[in-house]
Amino acid sequence: AGIAGLSAALRLRQAGAEVTVFESSDRVGGRTSSETHDGYLYERGTQFFTTTYRNALGLIKEMGLQAELRETSRWITVFKDGRPYRMPSGLLFAVYALRSGLLRLRDLARFTWHTTSLRWPAIDNYSAWAEYDDEDAARWGAAHLGRAADYLLEPLLAGGTMQRLEETSRACALAELATFNGLSKDLTLARGNDSLPLAMAARVDVKLEAPVQALEAAPDGVTVRLSGEAVRADAVVIATTSSAAAGIYRAADRLERELMATTYGSVIKLGLATTRDWSDNRGLSNVWAMMIPRSERRQIVSVTIESAKDPERVPEGGEMLNLFVTPENAERMMEWPDEQVASAVAADVERLFPGAFAAKRFARVVRWREGMPKSPVGRARALAEYRRTRPRDCRVWLAGDYMGMATLESAIETGTWVADRIIEG
């Protein structure tokens with residue numbers, strides 16, 4: 001009952017199918033999860049939507065949530081030379097990047113030439129980027145982007161998708177850049193981003209705490225085995241993480257096994273509620289996100305700030321920082337107690353946001369061991385092959401962000417695409 005599974009279920013239900021969603025946990029939404037504590041509303045997973053997310057915005061409208069959309073602050077900050085540089089997102093970013101020395105004119109010219117000259121596929125369908133799935137982003141960026149690779153592309157990938165340039169296809173890097181074009185605006189939902197999956201789940205039959213143990217596919221249908229129960233289905237959509245899919249679908253073919261071997265970057269997020277105010281700090285005032293280039297990075301890779309998404313998310317005089325630990329440290333710290341994680345990153349947090357811990361209200365640590373699917377060279381081509389070769393009468397289908405990209409928008413597309421194939425079949 002994550003966003004991919006709910007998207008598939010909703011479309012199938014609308015087409016007249018009888019659909020049941022089996023969810024192993026006690027809640028819906030997967031990694032789109034919001035929480036309220038002591039007057040602070042904050043995101044545990046999915047941090048924002050953007051106006052380039054046509055699938056997500058379409059569902060928000062369909063679920064009657066459009067009035068709850070809030071536009072975030074237009075300001076972000078880039079940490080460079082030991083201090084934050086405040087810049088507007090969108091078309092003016094380039095002007096401020098040149099003024100701050102973040103980029104040189106020749107870097108900006110190279111970046112513009114090597115990106116705008118490409119054919120830009122849809123940002124929700126990673127398989128459509130297969131023609132660019134030919135080398136890693138580090139090699140491509142070093143050859144074509146200059147400093148833009150270090151101060152724009154790398155922090156965007158590392159902070160937004162927890163991926164390392166050296167391990168990531170340039171197809172994924174380009175798709176991520178296309179998501180944040182100069183005209184896009186970033187958005188949030190007033191009652192939390194999980195308002196969307198909650199509204200979707202209310203329209204389909206979801207059974208919570210119902211883990212699937214195995215699937216047995218036959219030419220005439222699929223047997224779904226749960227604890228003490230077996231359910232027959234015409235078709236099954238496995239909308240889980242790759243490892244969970246591999247655990248229950250043991251009759252997969254070569255290509256399915258390859259895709260279900262997709263690995264993830266681990267995510268640890270420290271939510272820090274504080275009464276410290278940075279309105280007097282030129283680099284931090286009213287910024288909703290911070291990018292930290294690799295050369296400046298220690299423990300924290302990126303930050304989002306709830307009050308600049310929507311002032312109603314925090315009590316008066318309060319602030320909530322969502323501090324994402326670097327992928328390397330997240331893997332190392334995954335089993336650490338919460339207090340040890342907070343202690344390990346405290347000095348770096350103080351470097352980025354002076355006085356944050358001194359005025360702490362509370363801290364919450366969120367862990368996603370399988371947080372963001374990795375996109376090495378070859379995965380987009382494998383996805384294109386999967387979509388091209390699945391027979392019309394296929395009984396078991398794969399969906400989820402590992403079948404696309406590490407975005408909510410792409411996860412929605414994978415679920416919707418599978419539902420359409422089932423309907424057509």
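Which residue in β17 is the bridge partner of Leu 272? I looked this up at the start, and the partner is Leu 321.

**Ground rules.** I am working on a predicted model, in which local features need pLDDT of at least 70 and side-chain atom pairs count only at pLDDT 80 or more, while totals for chains, interfaces and linings use all residues. I count residues from 1 along each chain as its sequence is written, and I take side-chain values from heavy atoms, with hydrogens and water left out. My helices (H or I, at least four residues) and strands (E, at least two) are DSSP runs, numbered from the N terminus, and I call two strands paired if DSSP finds at least two bridges between them.

**The sheet.** I traced an open sheet of seven strands in the order β7-β6-β15-β16-β17-β14-β18, and its pairing is mixed. I noted β7 (83-88) and β18 (360-373) as the edge strands, each pairing on one side only. Neighbouring strands are turned by 20° against each other on average, direction ignored; the axes behind such angles are lines fitted to C-alpha atoms, for helices over the stretch in contact, and the angles run from 0 to 180 degrees between N-to-C directions. At the β7 edge I found six bridges to β6 (residues 75-80), in an antiparallel arrangement, with Lys 80 bridged to Arg 83 of β7.

**Strand β17.** I then followed β17 (residues 319-325), where seven of its seven residues are buried, buried meaning under 20% relative accessible area, exposed over 50% and partly exposed in between (1.4 Å probe, protein chains only). On one side I listed Glu 319, Leu 321, Leu 323 and Val 325, and on the other Met 320, Asn 322 and Phe 324, so that both faces are covered. Strand β14 (residues 264-274) runs antiparallel to β17 and is joined to it by six bridges, whereas β16 and β17 pair over five bridges, also in the antiparallel sense; in that second pairing I matched Thr 304 with Asn 322 of β17.

**Helix α6.** I checked what lies across the sheet and found α6 (residues 147-161) over β6, β15 (287-291), β16 (300-305) and β18, running at about 110° to β15. Twelve of its 15 residues are buried, so α6 is largely enclosed by the rest of the structure; among them are Tyr 151, Leu 152 and Glu 154. Its 15 residues should span 21 Å (1.5 Å times one less than the number of residues), and the end C-alpha atoms are 20 Å apart, which agrees. I recorded a kink of about 35° at Leu 153, shortly before Pro 155, where the bend is the angle between axes fitted to the seven residues ending there and the seven starting there. Just after α6, Met 162 takes a positive phi of about 55°.

**Glu 306.** Is Glu 306 buried or exposed? I found Glu 306, in helix α11 (residues 306-309), to be buried, with a relative accessible area of 0%. Its contacts (heavy atoms within 4.5 Å), not counting residues up to four places away in sequence, include Tyr 42, Arg 313, Glu 319 and Asn 322. The side chain of Glu 306 also reaches the backbone nitrogen of Glu 43 at 3.1 Å.

**Hairpin β2–β3.** I followed Glu 43 into β3, where Glu 43 is the bridge partner of Ser 34. Four bridges join β2 (residues 34-37) to β3 (residues 40-43), and the two strands run antiparallel. The hairpin has two residues between the strands, and Asp 38 takes a positive phi near 55° there.

Methods
A polar contact is a pair of N or O atoms within 3.5 Å; within protein, one must be able to donate a hydrogen and the other to accept it, and residues adjacent in sequence count only if both atoms are side-chain atoms.
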